[in-house]
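Trainee: Could you take a close look at one part of this protein with me? I would like to follow a single helix and the places around it.

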Amino acid sequence: MEAALFSLPSSSSHSYLFSLKSHFNNPFITSHSNSHLKSKPRTLTIRSAISRTKKEETIETVKQQLEDCYLLAGISYKGLTVKQFQDLRAQLPETTKLLVAKNTLVLKAIEGTKWEALKPCMKGMNAWLFVHSEEIPAALKPYRTFLREKKLEENDFTGGVFEGKFYGPDEFKVLENLPTRAEIYSQLLGSLKGPASAVVGTIQAPARNLVMVLKAYVKKLEEEEGGSQ
């Protein structure tokens, strides 16, 4: 209710009118507009803190996935449904992890590492495949099959990094056709039974093949020693 107006006597013929409401603050009246203005910055602060925490958690998750990772590949997930993501995850090997994260956060996580070569595919909407196995073709095949079955060829690989080198979409066939461990073992055994030139040819293979060849050779020696005892 509006405060009443009072007229005070004066030595002159004039009266002075004033409002108690204008001169006194009523402690029982709350200004809704002021409380709204005060609560808004607090709400924004809380939201900003939550957003920052989520970003930091995502960056840390990416860094954890990069540990013991052999291949990091980006895939275009624009237009994919939640159900399709679930189906894709179910088809991937246990050693391959699928993560949806913003390009900026992934870029932040790979700064200063060999994975920084992935920069060229930091465009559009990407999901990320972290392959924790040397069997690269086996890790990539499920996604290629998924694209074909769902008729989603436009959602191709956007790029990937393997052994510090960037592979664009047109170069993924190289990764998909890498020899498997079994094929390399067979190649090694065949070269050991053949002329010296075959062994030299095997040793001159790419670094990944050479490492696996050496591992296979060591394993073969150990098996031979175990059999002779």
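Trainee: Which residues does Arg89 touch, not counting residues up to four places away in sequence? And what can you tell me about the helix that Arg89 lies in?

Mentor: Happy to. Keep in mind that this is a predicted model. Leaving aside residues up to four places away in sequence, Arg89 touches Leu98 and Leu99. Arg89 itself lies in helix H3, and with a relative accessibility of 42% it counts as partly exposed. That label follows because partly exposed covers the range between under 20%, which is buried, and over 50%, which is exposed. Now look along the chain from Arg89 to Pro142: they are 53 residues apart in sequence, and their C-alpha atoms are separated by 9.5 Å.

Pro142 leads us to the partner helix, since Pro142 is one of the H5 residues that meet H3. Helix H3 covers residues 82-91 and helix H5 covers residues 136-150, and the two pack with their axes 9 Å apart at an angle of about 140°. An angle over 145 degrees would count as roughly antiparallel, and 65 to 115 degrees as roughly perpendicular. H3 and H5 are therefore oblique to each other. Their crossing is right-handed.

Who takes part in this contact? From H3 come Gln84, Asp87, Leu88 and Gln91, and from H5 come Pro142, Tyr143, Phe146 and Lys150. Sorted by class, the contact has four nonpolar, two polar and two charged residues. Try sorting the names yourself while you have the structure open.

Let us pick Gln84 from that group, which also sits in helix H3. Its relative accessibility is 17%, so Gln84 counts as buried. Not counting residues up to four places away in sequence, Gln84 touches Gly79, Phe146 and Leu152. You have just met Phe146 as one of the H5 residues in the contact with H3. So within helix H3 you can compare two labels: Gln84 is buried, whereas Arg89 is partly exposed.

If you follow the chain on from H5, you come to Lys151, in the loop between H5 and strand E6, residues 157-162. Phi of Lys151 is near 55°, a positive value in a residue other than glycine. Lys151 is exposed, with a relative accessible area of 70%.

A second place with this kind of backbone angle is Asp68, where phi is near 60°, again positive in a residue other than glycine. You will find Asp68 in the loop between helix H2, residues 32-66, and strand E3, residues 71-76. Asp68 is exposed too, at a relative accessible area of 66%. Along the chain, Cys69 follows, and at 8% relative accessibility Cys69 counts as buried. Cys121 is also buried, with a relative accessible area of 4%. A search of the whole structure finds zero disulfides.

While you are at helix H2, find Glu56, which belongs to that helix and is partly exposed at 49% relative accessibility. Glu56 and Ala109 are 53 residues apart in sequence, with 9.6 Å between their C-alpha atoms.

Finally, step back to the whole protein. Its secondary structure comes to nine helices and seven strands, and 31% of its 229 residues count as buried. Among contacts between residues at least 6 apart in sequence, 70% join residues at least 24 apart.

How values were computed: Residues numbered from 1 in each chain as written. Predicted model: local features only at pLDDT ≥ 70, side-chain atom pairs only at ≥ 80, totals over all residues. Heavy atoms only, no water. Axes fitted to C-alpha atoms, helices over the stretch in contact; angles between N-to-C directions. Helix = DSSP H or I, 4+ residues; strand = E, 2+ residues; numbered from the N terminus. Parallel < 35°, antiparallel > 145°, perpendicular 65-115°, else oblique. Left-handed = near helix turned anticlockwise from the far one by under 90°. Contact = heavy atoms within 4.5 Å. Nonpolar A, V, L, I, M, F, W, Y, C, P; charged D, E, K, R; others polar. Buried < 20%, exposed > 50% of the residue type's maximum accessible area, 1.4 Å probe, protein only. Disulfide = S-S within 2.5 Å.
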